[in-house]
Amino acid sequence: MNKKSLKLYARAKKVIPGGVNSPVRAFLSVNQKPFFVKKAHGQYLVDEDNNKIIDYIGSWGAQILGHGHSKIKNTLTASLRKGITYGAPCSREVELAERITKIYPSINKVRMVSSGTEATMSAIRLARGYTGRNKILKFNGCYHGHGDSFLIKAGSGAATFGVPNSLGVPPGLAKETISTNFNDIESVKKVVKKYKLACIIVEPIAGNMNFIRSDENFLHELRTICSENDIVLIFDEVMTGFRVALGGAQSLYSIKPDLTTLGKVLGGGLPVGAFGGKSKIMNQLSPDGGVYQAGTLSGNPLAMDAGLKTLDLISKKNYFKNLEKITRQLTDGINELSRKYNKKIYADSQGGMFGIYFTDKKVVNYESISKSDIKKFIQFFKFMLKNKIYFAPSAYEAGFVSSAHTANNINYTLDIFEKWIKN
Ligand SMILES: *Cc1c(COP(=O)(O)O)cnc(C)c1O
């Protein structure tokens, strides 16, 4: 049933570190070997052994329309006829930038890059250049890509500077990153009293320690604290942008950050990231200002076209209402079954993004999600995959529903879930 995948994995391990180009794909946290994908369409992945699998990840959220949507494919085909990359400006970059500034009122100007990591790295450099300060504040469990300044865990004692959690990150740089608890405004106040911060960066709805909502007050107080202390507030919406709502989490909470980072959905599946915000800050970027940032493939025309078409399709009336409804069908179903069999599992969702928690306590930060029953999660993951349903291979990841998923897909998923949970 997975012979070809196993063979490919063995080959891959010889020439690619760990056999994968991004660690989570190796399935190490579920003690299993990964499957290799032959093709994907709509809500399905087809692996090399021809198993057709319902996909609740969608390339980590990017494929909101489902895999290989026909309109995106047609757009790309037409775009290809005009070349692949120019290394010079083109109209589609302007169009996409205009579209982003319309959807995100907090963004006056935006620069395109090729990944979420590039967007966040550039955003903190810009914040540092703009404020003339070095220290940044992030929250434990929030992920902002693999830039050196973000691979940091909290040091000993609360509200103090961080230490690297990857080899190769200079401790001197790690000291410039302060890390504290998500949803804990008191600790933020302590940090702000103690250090001059360039920026506070936050996932306004966390999606990289499972799916965790911000308290309404937490985000509003962050906004106030940043305004009062001239700290740049960065919402990292690489995951939540165009995903929890068209206008991202900032539209749901009605908060205007100073800078926003975007990615995933924005490229329609092609490698795109973006960062943007207030003109006053964005004007500090090269060539207008002194903060350097560049990219050979930035604003790539194929990627711009895929992004523009994606935004067209997800801007349609009721798009998010329908997406939310189908996602809710899944999470409501899980909650119902969990109650029925008296299990300590629950689920939550917003837009096309969801979380399943293997605990009955309300999850509010990294500490509380780390208390979930990982053994149970691994059993769940394996059982679902055996039945050709693919959830994220880690209890610390969120899940994603696309507009290609059907009520039948969800019913099938819930049937299998019931089979598992009743034991
Ligand atoms: C995925 C993600 C990133 C990194 O984006 P890449 O394209 O993987 O570099 C940054 N921030 C958040 C919130 C993300 O979810």
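Is Lys343 buried, exposed or partly exposed, and what is its relative accessible area?

**View 1. Surroundings of Lys343 in the predicted model****.** Lys343 is partly exposed, because its relative accessible area is 28%, and partly exposed residues lie between the limits of 20% and 50%. Lys343 is placed in the loop between α11 (319-340) and β15. Apart from neighbours within four places in sequence, the residues in contact with Lys343 are Ser338, Ile421 and Asn423. Between Lys343 and Gln43 the C-alpha to C-alpha separation is 28 Å, and the two are 300 residues apart in sequence.

**View 2. The hairpin formed by β15 and β16****.** Strand β15 (residues 346-350) runs antiparallel to β16, and five bridges join the two. Within this pairing, Ser349 stands opposite Phe354 in β16. Two residues lie between the strands of the hairpin, and Gly351 in the turn has a positive phi of about 60°.

**View 3. Burial of strand β16****.** Strand β16 comprises residues 353-357 and is mostly covered, five of its five residues being buried. Met353, Gly355 and Tyr357 point one way from the strand, whereas Phe354 and Ile356 point the other way. The residues pointing in either direction are all buried.

**View 4. Pairing of β16 with β18****.** Strand β18 (residues 399-400) is joined to β16 by two bridges, and the two strands run antiparallel. Here Met353 of β16 is the residue that stands opposite Phe400 in β18. Strand β16 is thus seen with both of its pairings described here, to β15 and to β18.

Note on methods
Residues numbered from 1 in each chain as written. Predicted model: local features only at pLDDT ≥ 70, side-chain atom pairs only at ≥ 80, totals over all residues. Heavy atoms only, no water. Buried < 20%, exposed > 50% of the residue type's maximum accessible area, 1.4 Å probe, protein only. Helix = DSSP H or I, 4+ residues; strand = E, 2+ residues; numbered from the N terminus. Pairing = 2+ DSSP bridges. Contact = heavy atoms within 4.5 Å.
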